[in-house]
Amino acid sequence: MARVSWTSQALNDLEAIGDFIARDAPSFAQVFVNRVFQSVERLELFPRSGRVVPEIAQEDIREIIFGNYRIVYIVSNDEVNILTVFHSSRQLKL
């Protein structure tokens with residue numbers, strides 16, 4: 001079983017997205033954030049279940065697509081680190 005952790009960058013990204021959503025739909029913002037956290041739970045059992053990030057093309061850097069957002073993470077042994085969360089219309093810049 002892999003240990004999933006969030007970088008401060010990823011948590012800040014998610015908070016900013018939640019704040020943006022809350023401007024128009026406050027009740028949906030918290031639901032959205034909770035669902036993002038739920039969507040990465042599967043990585044504990046299946047750390048390589050996300051696709052390889054096309055812009056990077058490295059086997060250990062993967063992503064989960066969640067609605068219009070990309071959740072990018074890196075897999076290392078029995079650890080998964082969530083690196084960033086951003087809108088899918090943007091390209092990843094590491």
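Let me begin with Glu 79, which in this predicted model is partly exposed, its relative accessible area being 30%, a value that falls between the 20% under which a residue counts as buried and the 50% over which a residue counts as exposed. This residue belongs to strand E5, and if we set aside the neighbours within four places in sequence, the residues in contact with Glu 79 are Ala 2, Arg 3, Ser 5 and Ile 74. With one of these, Arg 3, the side chain of Glu 79 also makes a polar contact of 3.3 Å. For a sense of distance, Val 52 is 27 residues away from Glu 79 along the chain, and the C-alpha atoms of the two are 16 Å apart.

Strand E5 brings me to helix H1, since E5, residues 79-87, is among the elements that cover the buried residues of H1, together with strand E1 (3-6), helix H2 (26-39) and strand E4 (69-76). Helix H1 runs over residues 8-24, and because 17 residues at 1.5 Å a residue should span 24 Å, the 25 Å between its end C-alpha atoms agrees with that expectation.

Which residues of H1 are buried? They are Ala 10, Asp 13, Leu 14, Ile 17, Gly 18 and Ile 21, and because they cover an arc of only 135° around the axis, they lie on the same side of H1. The spacing is worth keeping in mind here: an α-helix has 3.6 residues a turn, so residues three or four places apart point the same way. On the other side of H1, by contrast, Ser 8 and Arg 23 are exposed.

How values were computed
Residues are numbered from 1 along each chain as its sequence is written. This is a predicted model: local features need pLDDT of at least 70, side-chain atom pairs count only at pLDDT 80 or more; totals for chains, interfaces and linings use all residues. Side-chain values use heavy atoms; hydrogens and water are left out. Helices (H or I, at least four residues) and strands (E, at least two) are DSSP runs, numbered from the N terminus. The expected span of a helix is 1.5 Å times one less than its number of residues. Buried means under 20% relative accessible area, exposed over 50%, partly exposed in between (1.4 Å probe, protein chains only). The arc is that of the directions from the helix axis to the C-beta atoms. Contact means heavy atoms within 4.5 Å. A polar contact is a pair of N or O atoms within 3.5 Å; within protein, one must be able to donate a hydrogen and the other to accept it, and residues adjacent in sequence count only if both atoms are side-chain atoms.
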